Amino acid sequence: MNYTRSSTLFKAAEQVIPGGVNSPVRAFKAVGGTPIFIKKAAGPYLYDEDNNKYIDYINSWGPMILGHAHAPVVNAVIEATKKGTSFGTPTEIETQIAELAVNMVPNIDKIRFVNSGTEACMSAVRLARGFTGKDKIIKFEGCYHGHSDAFLIQAGSGAVTFGSPNSPGVTAGTAKDTLLARFNDIEHVKHILETNKHDIACIILEPVPGNMGCIPPKEGFLQALRELCTAYGVLLVFDEVMTGFRLAKGGAQQVFDIQADIVCFGKVIGGGLPVGAFAARNEIMNYLAPVGPVYQAGTLSGNPLAMAAGLAMLTDLNNDAAVYSRLEEKTAYLHEGCAKALNKHNIPHTINRLGSMMSIHFDPAEVTDFQSAANGNNDRFKQFFHGMLKQGVYIAPSAFETWFITDALSYDDLDATIAACEKVASEL
Ligand SMILES: *Cc1c(COP(=O)(O)O)cnc(C)c1O
């Protein structure tokens, strides 16, 4: 493939944008090489500035669950644009999408819209702290909740459970309020709760982590977390920015039949426009301004274009009773095909999958948490990534990311992906 124009555009971008990108993972640092500049997309395909075509498994990191340039979303945005792009006043469509979301998702009465998943998680934690009157939070190593200070925390050394900043600019004062637990290790969570009995406002997690590859929760883990939260008076916050409206209409809460106290959304809920949201039952949401004391606001929150895109997306997902089983069947087909291809060439690997999320780890051992995900062979991943790209298959440029399967993929696309995997496996 020829990447001449992408290279030229990247050089120009680097002059005026740090690293040439507006979000670090796009820079290909984990895999090497020059990022590809995309010109347009349709259905399951991306087209780059050099006119190369790819089957896309990033799908804007999740939102494009029904494919790129999905007609109902595009039309809704065009129609909304003609009527003005923002008023800074309440609009009817905000209530419409809120009603639909509250209907689709179990256990929530009210929802507040923001502009990104980062904002949703940041606000959910403030609300949890305000509601409980406690300061500390527990998060899990390898779970991503956006880039706000409280979440940019890595495990401390040795036996200490409090974290340390993993980015300059995050203060030690902030870090001391975020406690780090190991995913799928309920005893570790219990220990942290017991040693910080009166201080924990919430436990926040991706119920199915997708930011260290896809890591399904072990049988009973989410239920045990729910019971611990109830016993210790701690709010359970499900960050469903990735899983919301992807695993099921009602997200992971529905799939695992667990009631979270606060739920965060992003990605799919905006249909590809910048949208996040957080939701809870009345008792908690009424703690939020202007009804309650916890402050949260946004000039472009509930923006009419974003709400039009989100409403069109959620409406399609809500009206298509078979969409989630189709997605799951396609993902299972891909899983089976890729496993066969890798096995044929004796490439040690583990494939994790849940719903329409999947990840290939180049390590034969079970991948259940951040440490086991980090054990994967990264050199092999780099070769695999570039090999797939050469075959016209675009997967995320990091071993710690999930493949997002879209309903726009046909079985021919899946077969082409499996054939590419087989070819690349033969060269590893
Ligand atoms: C993407 C993501 C976020 C952050 O969302 P942004 O819109 O990128 O700010 C938060 N949590 C999870 C689980 C995510 O996958």
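In this predicted model, helix 3 gives the largest share of the lining of the second largest pocket, four residues. Helix 3 spans residues 92-104. Strand 4 (110-114) also supplies at least two residues of that lining, as helix 3 does. The second largest pocket holds about 390 Å³ of space. Its lining counts 20 residues. Those nearest the centre are Thr89, Pro90, Glu94, Ser301 and Gly302. Sorted by class, the lining comprises 10 polar, seven nonpolar and three charged residues.

Strand 4 leads on to a set of paired strands. Strand 4 and strand 12 run antiparallel and are joined by five bridges. Phenylalanine 113 has alanine 277 of strand 12 as its bridge partner. Strand 12 also pairs with strand 11 (residues 262-265), again antiparallel, through four bridges. Here valine 263 stands opposite alanine 279 in strand 12. Strand 12 itself covers residues 276-280, and five of its five residues are buried. Both of its faces are covered. Gly276, Phe278 and Ala280 lie on one side, while Ala277 and Ala279 lie on the other.

Strand 9 (200-205) is likewise buried along its length. Six of its six residues are buried, so strand 9 is largely enclosed by the rest of the structure. Its pairing is parallel with two strands. Three bridges link strand 9 to strand 5 in the parallel sense. Four bridges link strand 9 to strand 10 (residues 235-239), also in the parallel sense. Cysteine 202 takes part in both pairings. It is the bridge partner of isoleucine 137, and it stands opposite leucine 235 in strand 10.

Helix 6 packs against this region. The helix runs over residues 186-195, and its buried residues include His188, Val189, Ile192 and Leu193. These residues cover an arc of only 135° around the axis, so they lie on the same side of helix 6. The spacing fits a general rule. An α-helix has 3.6 residues a turn, so residues three or four places apart point the same way. What do the buried residues of helix 6 pack against? Strand 5 (136-140), strand 8 (178-181) and strand 9 are among the partners, and helix 7 (221-232) is another.

Asparagine 184 sits just before this helix, in the loop between strand 8 and helix 6. Its phi is near 70°, a positive value in a residue other than glycine. Asparagine 184 has a relative accessible area of 10%, and therefore counts as buried. Alanine 69 also has a positive phi, near 50°, and is likewise a residue other than glycine. Alanine 69 lies in the loop between strand 3 (53-56) and helix 2 (71-82).

A further backbone feature involves a proline. The peptide bond from alanine 289 to proline 290 is cis, with omega near 10°. Proline 290 belongs to the loop between helix 9 (282-285) and helix 10 (304-319).

Proline 44 is found in another loop, the one between strand 1 (38-42) and strand 2 (45-48). Is proline 44 buried or exposed? Its relative accessibility is 7%, so proline 44 counts as buried. Proline 44 also meets a distant part of the sequence. Proline 44 and leucine 409 are 365 residues apart in sequence, yet their C-alpha atoms are 5.5 Å apart in space. Leaving aside neighbours within four places in sequence, proline 44 contacts Tyr54, Ile55 and Asp56, among others. Thr406, Ala408, Leu409 and Asp413 are also in contact with proline 44.

Strands 13, 14 and 16 form an open sheet of three strands, in the order 13-14-16 and with antiparallel pairing. Strand 13 (350-354) and strand 16 (403-404) stand at the edges, each with a single partner strand, so one side of each is left without a neighbour in the sheet. Strand 13 is joined to strand 14 (residues 357-361) by five bridges. Within this pairing, asparagine 352 has serine 359 of strand 14 as its bridge partner.

Serine 359 also helps line the largest cavity. Rolling a probe the size of a water molecule over the atoms shows where empty space is left. The count comes to one cavity of 30 Å³ or more. The largest cavity has a volume of about 50 Å³. Along with Ser359, its lining includes Ile360, Phe381, Ile395 and Ala396. Ser398, Ala399, Glu401 and Trp403 also line the largest cavity. By class, the lining divides into six nonpolar, two polar and one charged.

Note on methods
Residues are numbered from 1 along each chain as its sequence is written. This is a predicted model: local features need pLDDT of at least 70, side-chain atom pairs count only at pLDDT 80 or more; totals for chains, interfaces and linings use all residues. Side-chain values use heavy atoms; hydrogens and water are left out. Two strands pair if DSSP finds at least two bridges between them. On a 1 Å grid over the protein atoms alone, a cavity is a set of points where a 1.4 Å probe fits but cannot get out, and a pocket is an open set with protein on both sides within 12 Å along at least five of seven lines; lining residues have an atom within 4 Å of a point. Grid points are joined across faces, edges and corners, and a volume is the space filled by probe spheres set on the points. Ala, Val, Leu, Ile, Met, Phe, Trp, Tyr, Cys and Pro count as nonpolar, Asp, Glu, Lys and Arg as charged, and the others, Gly among them, as polar. Buried means under 20% relative accessible area, exposed over 50%, partly exposed in between (1.4 Å probe, protein chains only). The arc is that of the directions from the helix axis to the C-beta atoms. Contact means heavy atoms within 4.5 Å.
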